[in-house]
Amino acid sequence: MMRQYELVERVQRYKPDVNEALLNKAYVYAMRKHGSQKRASGDPYFSHPLEVAAILTDMHLDEATIAVALLHDTIEDTSATRAEIDQLFGPEIGALVEGLTKLEKLDLVSKKAIQAENLRKLLIAISEDVRVLLVKLADRLHNMRTLDVMRPQKRRRIAEETMDIYAPLAGRMGMQDVREELEELAFRHINPDAWRAVKDRLAHLLERNVDLLANIEKDLTALFASHGMTVRVKSRQKKAWSVFRKMETRGLSFEQLSDIFGFRVIVDDVSACYTALGIIHTTWSMVPGRFKDYISIPKQNGYQSVHTTIVGPARQRVELQIRTRAMDELAEYGVAAHAVYKDRGSSNAPQKLSAETGAYAWLRQTIQALSEGDNPEEFLEHTKLELFQDQVFCFTPKGRLIALPRGATPIDFAYAVHTSVGDSCVGVKINGRIMPLMTRLRNGDEVDIIRSNAQVPPAAWEEMVVTGKARSAIRRATRAAVRKQFSGLGQRILERTFERLGRKFSRDELKPVLSRLGRKDIDDVLASVGRGELPSGDVFKAVYPDYQDMRAAHKMPASAEAEGWFNIENASGMLFKVPQGEGQEGAGQKALPIRGVAGDVPVRFAPEGAVPGDRIVGILQPGAGIIIYPIQSAALAAYEDQPERWIDVRWDIDAQMSERFPARIVVSAINSPGSLADVARIIADNDANIQNLSMVRTAPDFSELVIDMDVWDLKHLTRIIAQLKETETVSDAHRADA
């Protein structure tokens, strides 16, 4: 185990003016607090925070971050408190340690929700100070290095979490070396057989090509020297996980991979990068399609380099990355390389990161998604989506660069620009041409979003997008639209209920009774009534607690006809009572207008359907809105004793509408070749659309067809039924009555 003075010496190598007192105090405090605690391996627990600190010294981080590494488990696993750490080390170090502490006693059912809430807390802490991330990744790295002592089940769970969250998070923050090691360690535990097989093949390949790699390094160095350039050339081999993932995603064999080995050319400055590129391309042929300039357009995590592939020395394909020393350091250490710290005026004062990189832009967007109120599982899903994706770079018409995951659509692009742009998106021009919204964007595309203020994002868009931000925004917009529908329905129900009881409904009357109704705002009350979760009579009683006569809201009136109810007989001959206006053609304007499922009222149709021209009845179905039944439906008998669920509805259809409506018919057809074709032809010739069809053999010579189809109105449906009856292969056709 590393001694106290050894840790100080490690920091002194890159920071001669190190605050030794801070490191010594943190070392002694953490060792005393962890005391005799042991790790699963049997080692003293304090060896873990000490190794985490050592990893961070390799990144050349300041003493405040090293002190946090030593203290990072004290609040979670010992008797230490935040107040005590604040007193001894200052509030900034206390805040960093608390940011690394898992949430305790979470009242959540699923482990996935707990994992999401801990990730949520961590990301918020990272957004406030990036040093939280650096310590957390070093903590996870050491845990992965010592994972062998864990139970197999726990080992796999931790490895999967590392592969899902922490490795891609390191990549997003530009810490490529940390990402690669985390991926390798996780791969070894998730799929040990595949890891071993790929590892053996790589070792054999390296052994076979060691002389070739040395010769290529030598040839490249000599080439640059001949042009008066001093560069450093170093070879690198892909890691096992990177090779395995490429084989899996592209369906390639190991022998088909051409970029297992690559070379980095490290130069002095940016201009030298392009000079070196010119020397290489004028000496050897470039492989078409394998050139990328990440200096001109850096990756979102700040990565910069020029990538090219050539047919180089010995006619070998050689992948080259050309970058400056600063770029190389950033590629390895990411945000840790941006450790620009400001002294607060005291050698003991904790220091804070002040640099800003592209990595933080993604982090800020993720934190913004947190504040949008998604549930924990949705947040975890969206964060994983964002972490895993490679990128494409597209432009707005004004030249703004938008980085998106590979496979993104114009809808993703619109939401990346702004949530309001995504919500109002109705079309897109890509490179000046109108294209479908599901088009996959490519690098360099210019994307011009066409907008409309009347647009509401369809729920189906959620399956078309790949970014967590777009998916989250679509879900919110869909929920808001549904809530708006139910709120409107709830207000109309309350207006009708209050009117029947001799009162006029006002939204303001609900404010004083919100607590009695158990709702947080007026719209919540209206939406609950619209969903059927809160009876309208209960709202009336809350507003007018002294009102006695509630018969009309909850009971059949003593004199039904006098109170506005009347008898009606359905097609099955059953007699029951319905509220005045229900089922009547030309019902009053106080009835809810029904325009179809796309209207402003949450509506579904009964299984047998209903079409304009039918006498219709609305039944309030809790959680589903209004179910529209034709008055002849036998199913209405089930609601005869529930008058509070009957809703006064009327058709509100004009000639400009282009929406079909559902209808179910029953056809008895002769069981002979071509009879089904005859039925389908008549329906198609009449501009109707079959949605579903089932066939039942009722006799050796006849089959009964139950057909669900979409028609324009009652006249349209009647014409189809009449033509079916006239067909030689059809013995009978009629509306289904459920």
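**Exercise 1. Determine how strand 11 and strand 13 pair, and place both in their sheet.**

Step 1. Take the pair itself. In this predicted model, strand 11 (residues 425-430) and strand 13 pair in the antiparallel sense over five bridges.

Step 2. Pick out one bridge. Lysine 429 has aspartate 448 in strand 13 as its bridge partner.

Step 3. Widen the view to the sheet. It is open, has three strands and runs in the order 12-11-13, with antiparallel pairing.

Step 4. Find the edges. Strand 12 (433-435) and strand 13 (447-451) each have a single partner strand, so one side of each lacks a neighbour in the sheet. From one strand to the next, the twist averages 35°.

Step 5. Add the helix. Helix 18 (residues 410-417) lies across strand 11 and strand 13. Its direction is at about 85° to strand 13.

**Exercise 2. Locate asparagine 431 and describe its backbone and its exposure.**

Step 1. Asparagine 431 sits in the loop between strand 11 and strand 12.

Step 2. Check phi. Most residues other than glycine have a negative phi. Phi of asparagine 431 is near 55°, a positive value.

Step 3. Check exposure. The relative accessible area of asparagine 431 is 45%. Partly exposed covers the range between under 20% (buried) and over 50% (exposed), so 45% makes asparagine 431 partly exposed.

Step 4. Look at a second case. Histidine 60 has phi near 60°, also a positive value in a residue other than glycine. Histidine 60 is in the loop between helix 3 and helix 4 (63-71).

**Exercise 3. Work out the strand order of the four-stranded open sheet and follow strand 20 within it.**

Step 1. The order is 17-19-18-20, and the pairing is mixed.

Step 2. Strand 17 (603-605) and strand 20 (646-647) are the edge strands; each pairs on one side only.

Step 3. Strand 20 pairs with strand 18 (residues 616-621) in the antiparallel sense, over two bridges. Glycine 618 has isoleucine 647 of strand 20 as its bridge partner.

**Exercise 4. Classify the packing of helix 12 against helix 11 and helix 13.**

Step 1. Two values are needed: packed helices are described by the angle between their axes and the distance between the axes.

Step 2. Start with helix 13 (residues 240-250). Its axis and that of helix 12 (residues 192-226) come within 9 Å and cross at roughly 105°. The range from 65 to 115 degrees counts as roughly perpendicular, so helix 12 and helix 13 are roughly perpendicular to each other.

Step 3. List the residues that meet. Helix 12 supplies Ala194, Trp195, Val198, Lys199 and Leu202. Helix 13 supplies Ala240, Val243 and Phe244.

Step 4. Turn to helix 11 (residues 176-190). Helix 11 and helix 12 pack at about 120°, with axes 5 Å apart. That pair is therefore oblique.

Step 5. List the residues again. Glu184, Phe187, Arg188, His189 and Ile190 of helix 11 meet Pro192, Ala194, Trp195 and Lys199 of helix 12.

Step 6. Look at one charge in this area. Arginine 188 lies over the face of tryptophan 195, at 5.7 Å from the ring centre.

**Exercise 5. Find the aromatic pairs, and one further charge over a ring.**

Step 1. The whole structure holds 14 aromatic pairs.

Step 2. Phe498, Phe505, Phe540 and Tyr544 form a cluster linked by ring pairs.

Step 3. Lysine 25 lies over the face of phenylalanine 89, at 5.5 Å from the ring centre.

**Exercise 6. Decide whether serine 47 and valine 730 are buried or exposed, and list their contacts.**

Step 1. Serine 47 lies in helix 3 (residues 47-58). Its relative accessibility is 14%, so serine 47 counts as buried.

Step 2. Neighbours within four places in sequence are left aside. Serine 47 is then in contact with Met1 and Arg39.

Step 3. Valine 730 lies in strand 25 (residues 730-735). Valine 730 has a relative accessible area of 7%, so it is buried.

Step 4. With its neighbours within four places left aside, valine 730 is in contact with Val667, Ser668, Ala669, Val679, Leu724 and Lys725.

Step 5. Take one of these contacts. Serine 668 is 62 residues from valine 730 in sequence, yet their C-alpha atoms are 5.8 Å apart.

Step 6. Set this against the whole protein. Of its 738 residues, 49% count as buried. Among contacts with a separation of 6 or more, residues 24 or more positions apart account for 64%.

Conventions
Residues are numbered from 1 along each chain as its sequence is written. This is a predicted model: local features need pLDDT of at least 70, side-chain atom pairs count only at pLDDT 80 or more; totals for chains, interfaces and linings use all residues. Side-chain values use heavy atoms; hydrogens and water are left out. Two strands pair if DSSP finds at least two bridges between them. Rings of Phe, Tyr and Trp (its six-membered ring) pair if their centres lie within 6.5 Å; planes under 30 degrees apart count as stacked, over 60 as edge-to-face and the rest as tilted. A charge sits over a ring if NZ of Lys or CZ of Arg is within 6 Å of the ring centre and within 35 degrees of the ring normal. Buried means under 20% relative accessible area, exposed over 50%, partly exposed in between (1.4 Å probe, protein chains only). Contact means heavy atoms within 4.5 Å. Axes are lines fitted to C-alpha atoms, for helices over the stretch in contact, and angles run from 0 to 180 degrees between N-to-C directions. Angles under 35 degrees count as roughly parallel, over 145 as roughly antiparallel, 65 to 115 as roughly perpendicular and the rest as oblique.
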